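Reader: I'd like a close look at one part of this chain, and then a sense of what surrounds it. Pick a spot in a sheet and work outwards, please.

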Amino acid sequence: MKKTEKLAIHDGKPIKQTPFGRGTKHNLNEWKAIKPIFERGTIQMARGPEVMALREKFKRLFGMQYAVTASSGTAALHTAMGALEIGRGDEVITSPITDMGTLTAVLAQNAVPIFADVDSDTLMITPETIAARITPRTKAIILIHLAGLPADARGIMRLARKHNIDVVEDMAQSYLTKQAGRYCGTFGKIGCWSLNESKHIGAGDGGIMLTNSRELACRADLFADKCYDREGGPMDPFFAAYNYRLNTLVAGVCLEQLKKLRWVCSRRNKYGTRLDQGLAAIEGIQPRPVRKGDYATYWYYVFHIDPKILNCTNVEFAKALQAEGVGANAYHQNVVEWSLFREHRENRHACAEHCPLYDGGRPDYNIKNFPGLRKVKQRSIRVAMNEFWTPQDIRDIIRAIGKVADFFRRG
């Protein structure tokens, strides 16, 4: 029988002996890209040439007709909600594994977030879990393609069409992911991307939304720019709107970042696929599944442990993996346990479920009623991903996970 290696957490030798590959997100090319702005002598506050060029390149990349820029990914999602005229008394179904930005977009419209359970393997909502949450008050679904993997966009779109519900795709973590050869973000009425520094590409912060609806694009442009008509019409705002304009300097950086996007996503796809293949051979370990024909770009990497086979918790496993030199944790952003939702808190900023126009009672935010989410909490582990890693880094991660799994499996 093969001898079990002593874990680093027990004073054994860590697997990772060399630093992970590193690189910089930005370089002097970005500086050169914004130099013409300063040479012009003015930084245009609305629809400068860089902003309009970014819109054009982005919509061409995804084959969409209209693009609207925003100051952040959150602002892009909020603009999408405004364009769809989501408001008081409306329900928006989304995932309980998400960022506050997704929920801000709903709450800022005084609408009510309704959480569908997640599939415990993919960590994403499904047609079945969404269907269980649909009511006559449901006006939209925010479909989150989580951490670089495509959700079941086709199945969810079939369900949405059946019930006449609009779908907004949150693409913040999933640039260039595809389902059945089609880019995610192009299935629903609107797709929203983040240009936050942490994403596949970034420029500090920023956001952009795409749609094939001229009506939605026009309304979104007004919603994100104080309801000012920039097409030559009178400055006569007819609804209360926000100042979500994208900074011209940010747009200039984003244009340069777009040149790197395919390289970034292809590297992450290659390394994520290698991790999937390597971990699938380890007893007690399950990679997150990628459907045949789908294309994943792995913003971070997720795998699952089988606690019954490995005789440990995912927290214990993650701590042991950290000691081996691999950045890992068992935490996934689980919003139903935030006090805002768990305690059904009222606040002055958004009436949501407390709005007099809402007749849905108390939404179900009790984690006991989310079996898929509970399973995720018990068995899922998150590992950082980086396009600057090397093949050796990937081999080391697989070896480290195998070593830890072997130790716990043998008790």
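Author: Let's start with His304, which stands opposite Ser380 in S13. Before going on, a word on the ground rules: this is a predicted model, where local features need pLDDT of at least 70 and side-chain atom pairs count only at pLDDT 80 or more, while totals for chains, interfaces and linings use all residues. Residues are numbered from 1 along each chain as its sequence is written, and side-chain values use heavy atoms, with hydrogens and water left out.

His304 sits in strand S11, residues 301-305. Helices and strands here are DSSP runs numbered from the N terminus (H or I over at least four residues for a helix, E over at least two for a strand). Five of the five residues of S11 are buried, where buried means under 20% relative accessible area, exposed means over 50%, and partly exposed is in between, with a 1.4 Å probe and protein chains only. Look at how the side chains split: Tyr301, Phe303 and Ile305 point one way from S11, while Val302 and His304 point the other way. Both sets are buried.

Now the neighbours. As a reminder, strands of a sheet pair through backbone hydrogen bonds, either parallel or antiparallel. Two strands count as paired here if DSSP finds at least two bridges between them. S11 and S13 (residues 380-383) clear that with four bridges, in the antiparallel sense. Strand S10 (residues 285-287) also runs antiparallel to S11, with three bridges joining the two. On that side, Gln286 is the bridge partner of His304, and Pro287 has Phe303 as its partner. So that you can place the whole thing, four strands make an open sheet in the order S10-S11-S13-S12, with antiparallel pairing. Its edge strands are S10 and S12 (328-329), each of which pairs on one side only.

For a contrast in pairing sense, go to strand S4, residues 138-144. S4 is mostly covered, with six of its seven residues buried. Strand S2 (residues 91-94) pairs with S4 in the parallel sense over three bridges, and Ile93 has Ile141 of S4 as its bridge partner. S5 pairs with S4 too, again parallel, over five bridges; there, Ile142 is matched with Val168 in S5.

Leave S5 and you come to a backbone oddity. Leu176 lies in the loop between S5 (166-170) and strand S6 (178-179). Leu176 has a positive phi of about 60° although it is not a glycine. Its relative accessibility is 5%, so Leu176 counts as buried. His344 shows a positive phi as well, about 50°, and is not a glycine either. You'll find His344 in the loop between helix H12 (339-342) and helix H13 (371-379). With a relative accessible area of 10%, His344 is buried too.

One helix residue is worth a stop: Glu30, in helix H1 (residues 28-40). For a charged side chain, check its cover: Glu30 is buried, at 4% relative accessible area. Leaving out residues up to four places away in sequence, Glu30 touches Lys25, Val253, Glu256, Gln257 and Lys260, contact meaning heavy atoms within 4.5 Å. Glu30 and Gln257 are 227 residues apart in sequence, yet their C-alpha atoms are 7.7 Å apart in space.

Zooming out, the chain has 14 helices and 13 strands. Its radius of gyration is 22 Å, close to the 22 Å from the globule rule for 411 residues, so the chain is as compact as a globular protein of that length. (That radius is taken over C-alpha atoms, and the rule is 2.2 Å times the number of residues to the power 0.38.) Along the principal axes, the C-alpha atoms fill a box of roughly 80 × 55 × 40 Å. Of the 411 residues, 56% count as buried. Among contacts with a separation of 6 or more, 72% come from residues 24 or more positions apart.

As for the surface, the chain exposes about 18,300 Å², with carbon and sulfur atoms supplying 50% of it; areas come from the Shrake-Rupley method with a 1.4 Å probe, and for residues only the protein chains shown count as cover.
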